[in-house]
Amino acid sequence: MTGQRGSPIQGPGASPGAVCSSGRLRRPTDADLAALAGRIGRDRVSASPESVERYARDESTVVEARPWAVVRPRSTAEVAETLRWASAGRFPVVPRGAGTGVAGGAVAVGGGVVLSLERMDRIVELDPENLAVTVEPGVITARIDDEARRHGLFYPPDPASLESCSIGGNVAVGAGGARAVKYGTTRDYVLGLEVVLADGEVLELGGKNVKDATGYHLRDLLVGSEGTLGVITRITLRLVPRPGRRVVLLVPFPSIHHAARAVTAVLGARVLPAAAEFMDDVTIEAARRYLGRDLPGGDAVGAYVFLELDGETPAALEAETERVAGVVQAHGALDVLAAEDPGQQERLWESRRCLGEALRAWGRQLGKADVVVPRARVPELVEAVRGAGQRHGLVAASFGHAGDGNVHVNLLRGDLADGEWDRRRSQALAEIMEAVKALGGLPSGEHGIGVLKRPYLHRFLPARALALMASVKTAFDPLGILNPGKVM
């Protein structure tokens with residue numbers, strides 16, 4: 001029914017085949033799939049090995065499970081028809097966007113029918129008067145800001161994969177990005193949702209109103225629910241006026257401790273950068289190998305900080321840039337490289353944006369987590385990650401959002417055999433999660449829980465909170481057909 005590469009679920013009591021073992025959920029027969037194809041179109045439904053293979057994995061690199069079938073609707077009506085079919089037959093459904101997630105949230109671990117929203121990719125309306133844009137879930141995130149730019153507007157959330165990830169997936173996991181320190185995450189821009197519930201009913205939540213104090217905020221509950229409560233089929237997003245100018249600073253430091261203290265000092269100097277990112281020495285080396293060129297600073301560099309500043313007037317931006325340069329130099333910066341030209345800015349950012357591919361190229365497979373701690377404790381977390389890697393014979397790399405404490409942890413597989421890699425990765429990640437908890441942090445800042453971080457959730461949330469979450473899941477999806485085995 002499914003095939004796994006490595007061990008897709010980590011932690012005690014996790015069973016990748018548990019989704020259908022209770023008998024509550026069923027695998028659709030060929031006749032069942034033919035019936036659905038007759039209702040929504042034969043080109044929408046496929047179960048051939050070739051068609052399901054590309055939906056067997058996400059970007060986590062450690063989870064793989066071939067779905068039983070793939071449904072690719074083109075409209076809300078077809079999504080609703082699919083869920084009515086699934087509800088009647090008790091077939092598990094796994095909603096999926098562009099497949100760029102890293103927590104296994106869109107993989108049919110344990111079995112299921114993937115409901116891919118990739119064909120629903122229209123920008124429905126851009127409304128400059130109301131500073132809003134309405135889109136379908138399959139729209140690639142970068143397209144939204146490109147469209148907003150034509151009207152002098154700005155959609156700030158910028159996940160590293162913005163050129164390939166879809167907005168529906170961003171909403172489903174509550175994605176962040178480099179600009180979250182100043183502008184917030186995807187959650188802060190969702191004004192309205194159209195969502196199809198598990199029984200096929202279509203629900204409108206929110207709209208273009210800026211304020212809303214009308215009852216429980218079900219819309220906000222759907223954001224970050226990872227396809228377990230409903231299938232999002234239309235999204236209305238808030239836009240903001242586009243900043244007139246920006247400058248990007250690349251600042252090398254001798255150590256991650258110097259870098260983190262400098263970011264804290266910048267924020268303390270009453271400067272709120274649009275982005276404040278960091279890379280440790282291992283990720284710098286990965287980027288150097290991947291790009292095939294030396295990076296600024298030479299062998300003395302132990303960390304990079306990227307700072308993006310934006311504003312309206314050249315004078316104001318220049319004054320802020322000088323103030324930031326003074327602060328970081330006082331905290332041990334080895335240099336301050338500034339770029340105002342867009343081409344130069346992209347070249348500076350290149351070493352940060354390439355890290356997903358760079359680390360995969362170096363490590364073959366990665367054990368990943370996007371943990372978050374209070375930003376002043378980032379150096380302690382990086383040291384804990386490095387220590388866990390050393391104790392278990394793994395190369396550990398850390399990078400991420402210094403401005404908000406969201407650290408992307410990566411453990412590199414190298415040449416380890418499957419069983420040894422699974423064992424070491426699982427043990428190291430368990431240690432890292434304990435360190436995160438001790439530092440006052442949480443297991444996910446922007447990638448979601450999915451299947452990979454599910455075993456850790458009980459360590460961070462009280463039993464009563466988990467019980468309330470389970471009751472919410474039951475209220476939305478009483479049969480448990482939506483993305484079973486994820487989050488809860």
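**Notes on a predicted model: salt bridges, a pocket and some local features**

1. Arg44 and Glu78 are joined by a salt bridge, with their closest N and O atoms 2.9 Å apart. The pair ties together distant parts of the chain, 34 residues apart. Arg44 sits in the loop between α1 (30-40) and β1 (45-46). Glu78 belongs to helix α3. Is Arg44 buried or exposed? Arg44 is buried, because its relative accessible area is 14% and buried means under 20%. Glu78 also counts as buried, at 14% relative accessibility. Please keep in mind that this is a predicted model.

2. How many salt bridges does the structure hold? The count is 40. The next points take up some of them.

3. Glu53 and Arg57 meet through their side chains in a salt bridge, at 2.5 Å from N to O. Glu53 counts as partly exposed, with 26% relative accessibility. Arg57 is partly exposed as well, at 24%.

4. Arg122 and Glu136 form a salt bridge, at 3.3 Å from N to O. This pair, too, links distant parts of the chain, with the two positions 14 residues apart in numbering. Arg122 is in the loop between β4 (113-116) and β5 (123-127). Glu136 is in the loop between β6 (132-135) and α4 (141-149). Which side of the pair is buried, and which is partly exposed? Arg122 is partly exposed, with a relative accessible area of 44%. Glu136 counts as buried, at 5%.

5. Some salt bridges join up into a network. Its members are Asp158, Arg179, Arg246, Glu308, Glu346 and Arg353. Glu346 and Arg353 carry numbers that fall within helix α11 (residues 342-353).

6. Helix α11 also contains Glu350. Glu350 counts as partly exposed, at 32% relative accessibility. Where does the chain come back towards this residue? One contact to check is Ala287: the C-alpha atoms of Glu350 and Ala287 are separated by 8.8 Å. Along the chain, these two residues are 63 residues apart.

7. Gly97 gives another pair of this kind. Gly97 lies in the loop between β3 and β4. The C-alpha atoms of Gly97 and Gly169 are 5.2 Å apart in space. In sequence, Gly97 and Gly169 are 72 residues apart. Gly97 counts as partly exposed, with 24% relative accessibility.

8. Now the second largest pocket. It holds about 720 Å³ of space. Its lining is made up of 27 residues. Which of them are closest to the centre? They are Gly224, Glu226, Ile449, Met469 and Val487. Two elements, α15 (457-460) and α16 (463-476), give two or more residues to the lining. Helix α16 has the largest share, 3 residues. By class, the lining has 15 nonpolar, 8 polar and 4 charged residues.

9. Glu226 deserves a second look. This residue is among those closest to the centre of the second largest pocket. Glu226 is found in the loop between α7 and β10 (231-238). Its phi is near 60°, a positive value in a residue other than glycine. Is Glu226 buried or exposed? Glu226 is buried, with a relative accessible area of 9%.

10. Arg90 also has a positive phi, about 60°, although Arg90 is not a glycine. Arg90 lies in the loop between α3 (76-89) and β3 (93-96). Unlike a buried residue, which must be under 20%, Arg90 is partly exposed, with a relative accessible area of 39%.

11. Last, the surface near α7. Tyr216, Leu218 and Leu221 form a nonpolar patch on the surface. Together, the three have about 350 Å² of accessible area. Leu218 lies in helix α7 (residues 218-222). Leu218 is partly exposed, with a relative accessible area of 33%. That value fits the patch, because patches take residues with over 30% relative accessible area.

How values were computed. Residues are numbered from 1 along each chain as its sequence is written. This is a predicted model: local features need pLDDT of at least 70, side-chain atom pairs count only at pLDDT 80 or more; totals for chains, interfaces and linings use all residues. Side-chain values use heavy atoms; hydrogens and water are left out. On a 1 Å grid over the protein atoms alone, a cavity is a set of points where a 1.4 Å probe fits but cannot get out, and a pocket is an open set with protein on both sides within 12 Å along at least five of seven lines; lining residues have an atom within 4 Å of a point. Grid points are joined across faces, edges and corners, and a volume is the space filled by probe spheres set on the points. Helices (H or I, at least four residues) and strands (E, at least two) are DSSP runs, numbered from the N terminus. Ala, Val, Leu, Ile, Met, Phe, Trp, Tyr, Cys and Pro count as nonpolar, Asp, Glu, Lys and Arg as charged, and the others, Gly among them, as polar. Patches are made of residues with over 30% relative accessible area and no salt bridge: like charges are joined within 9 Å, nonpolar side chains (Val, Leu, Ile, Met, Phe, Trp, Tyr) within 5 Å. Accessible areas come from the Shrake-Rupley method with a 1.4 Å probe; for residues, only the protein chains shown count as cover. A salt bridge is a side-chain nitrogen of Lys or Arg within 4 Å of a carboxyl oxygen of Asp or Glu. Buried means under 20% relative accessible area, exposed over 50%, partly exposed in between (1.4 Å probe, protein chains only).
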